[in-house]
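Visitor: Could you walk me through this one and show me how each label is earned?
Guide: Gladly; have a look first, then ask away.

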Amino acid sequence: MKKMMSMKVVSVCALLVMVVALAPMAAEAVVCNPRVLEPCTWAIMSLTPPSSQCCVKVREQSSCLCEYLRQPQLWPFFNSPNTRLVASSCGVPFPNRC
């Protein structure tokens with residue numbers, strides 16, 4: 001059980017490193033930037049309810065979900081059932097098709 005949790009933590013950390021490395025850097029009103037979803041990491045990893053800060057960020061980035069799903073490096077993270085659950089918990093419909 002402990003080993004499984006450690007593997008999950010390592011996997012999520014590796015995905016976050018990829019997200020940070022691949023995230024675009026621009027300054028506009030709504031910029032698709034997966035790095036801003038960092039407050040959601042714990043909720044996605046542990047299946048705990050998302051924080052209000054997480055939900056604010058999910059709502060801000062909701063129009064970007066298809067873009068994230070189209071990026072092969074981000075797809076495993078954003079296509080996970082846990083990510084979908086967090087989005088749903090925040091009242092953000094997750095796209096079935098992009």
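**How the labels are earned**

Guide: Let's start with a side chain reaching a backbone: in this predicted model, a polar atom of the Thr 83 side chain lies 2.8 Å from the backbone oxygen of Phe 77.

Visitor: What makes the pairing of Thr 83 and Phe 77 a polar contact?
Guide: The cut-off for N or O atoms is 3.5 Å, and the distance here is 2.8 Å, so the pair qualifies.

Visitor: Why is Thr 83 called buried?
Guide: Buried means under 20% relative accessible area. Thr 83 has 7% relative accessibility, so it counts as buried. Thr 83 sits in helix 6, and, sequence neighbours within four places aside, its contacts are Ile 44, Phe 77, Phe 78 and Phe 94.

Visitor: How do you know that Gln 61 is buried?
Guide: By the same kind of reasoning: with the limit at under 20%, Gln 61 comes in at 4% relative accessibility and therefore counts as buried. Gln 61 belongs to helix 3.

Visitor: What does the side chain of Gln 61 reach?
Guide: The backbone oxygen of Val 31, at 2.9 Å. That value is within 3.5 Å, so this is a polar contact too. Beyond its neighbours within four places in sequence, Gln 61 also touches Cys 32, Asn 33, Pro 34, Val 36, Leu 37 and Tyr 68.

Visitor: What makes Lys 57 and Glu 60 a salt bridge?
Guide: In general, side chains of opposite charge can pair when their charged atoms come close. The cut-off is 4 Å from nitrogen to carboxyl oxygen; the side chains of Lys 57 and Glu 60 meet at 3.6 Å, N to O, so the label holds. By this rule the count is one salt bridge.

Visitor: Why are Lys 57 and Glu 60 separated by about one helical turn?
Guide: Because they are three residues apart in helix 3.

Visitor: Are they buried or exposed?
Guide: Partly exposed, which means between 20% and 50%. Lys 57 has 22% relative accessibility, and Glu 60 has 39%.

Visitor: Which residues touch the most other members of the largest nonpolar core?
Guide: Of its 20 residues, these are Val 58, Leu 65, Tyr 68, Phe 78, Val 86, Cys 90 and Val 92. Helices 2, 3, 4, 5 and 6 each supply at least two residues of this core.

Visitor: And what is Cys 90 in contact with?
Guide: Setting aside neighbours within four places in sequence, Cys 90 contacts Pro 50, Cys 55, Val 58 and Arg 59.

How values were computed:
Residues numbered from 1 in each chain as written. Predicted model: local features only at pLDDT ≥ 70, side-chain atom pairs only at ≥ 80, totals over all residues. Heavy atoms only, no water. Core = buried A, V, L, I, M, F, W, Y, C linked by side-chain atoms within 4.5 Å. Buried < 20%, exposed > 50% of the residue type's maximum accessible area, 1.4 Å probe, protein only. Helix = DSSP H or I, 4+ residues; strand = E, 2+ residues; numbered from the N terminus. Contact = heavy atoms within 4.5 Å. Polar contact = N/O pair within 3.5 Å; in protein donor to acceptor, adjacent residues only side chain to side chain.
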